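Grab a pencil and have a go at these short exercises. Each one comes with a worked solution, so try it yourself before you read on.

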Amino acid sequence: EFKKSLAIREDVLGQDHLLVADSYLTVAQTLCDKGEYKKAIAECRTALIIQESIFGEEDENVTQSHILIGDILGEQGEYEAAIKSYEKALAIREEVLGKKHHKVADTLSSIGIIKLKQGDFDDAELFHR
């Protein structure tokens with residue numbers, strides 16, 4: 001049903017619309033839940049391209065895609081790639097929202113979780129503090 005929603009939104013709103021990007025992210029999350037990680041990453045990257053075409057590369061609105069890509073990469077055990085994706089979102093969020101924003105804290109926590117999965121407990125603790 002999510003793919004039907006995506007098709008309708010693309011048809012009605014056009015490719016470069018925020019709701020279309022949101023639909024791609026919903027499809028990506030569903031694919032991730034099914035274990036179809038490569039397809040999920042591809043859907044996220046499509047959403048990211050749309051978001052960047054609307055807002056630019058350094059806008060808070062694009063961080064949602066970077067975060068989901070990091071989540072999916074982490075699920076696959078691709079920890080370094082996940083951290084890079086989270087760090088991209090973190091840099092944008094710190095610049096746009098400031099270092100004391102709850103979304104910055106959420107992103108730091110995501111990095112800390114990956115550090116835990118890597119067995120780097122000391123570094124993980126730093127990201128959670």
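**Exercises on a predicted model**

Let's start with burial: in this predicted model, buried residues account for 36% of the 129 residues of the protein.

**Exercise 1.** Work out which kinds of secondary structure the protein has, and in what order.

*Solution.* Start by counting: there are 7 helices and 0 strands. Next, read from the N terminus, and you get α-α-α-α-α-α-α.

Now for compactness. The globule rule gives 14 Å for 129 residues, and the radius of gyration is 15 Å, close to that value, so the protein is as compact as a globular protein of that length.

**Exercise 2.** Check whether the length of helix H6 agrees with its number of residues.

*Solution.* Step one: H6 covers residues 102–117, which is 16 residues. Step two: the expected span is 1.5 Å times one less than the number of residues, so H6 should span 22 Å. Step three: compare this with the end C-alpha atoms, which are 23 Å apart, and that agrees.

**Exercise 3.** Find the buried residues of H6, taking buried as under 20% relative accessible area.

*Solution.* Going along the helix, you should list Val104, Thr107, Ser110, Ile111, Gly112, Ile114 and Lys115. To think about the spacing, recall that an α-helix has 3.6 residues a turn, so residues three or four places apart point the same way.

**Exercise 4.** What is the sign of phi at the glycine that follows H6?

*Solution.* Look just past the helix for glycine 119. Its phi is near 85°, so to speak on the positive side.

How values were computed
Residues are numbered from 1 along each chain as its sequence is written. This is a predicted model: local features need pLDDT of at least 70, side-chain atom pairs count only at pLDDT 80 or more; totals for chains, interfaces and linings use all residues. Side-chain values use heavy atoms; hydrogens and water are left out. Helices (H or I, at least four residues) and strands (E, at least two) are DSSP runs, numbered from the N terminus. The radius of gyration is taken over C-alpha atoms; the globule rule is 2.2 Å times the number of residues to the power 0.38. Buried means under 20% relative accessible area, exposed over 50%, partly exposed in between (1.4 Å probe, protein chains only).
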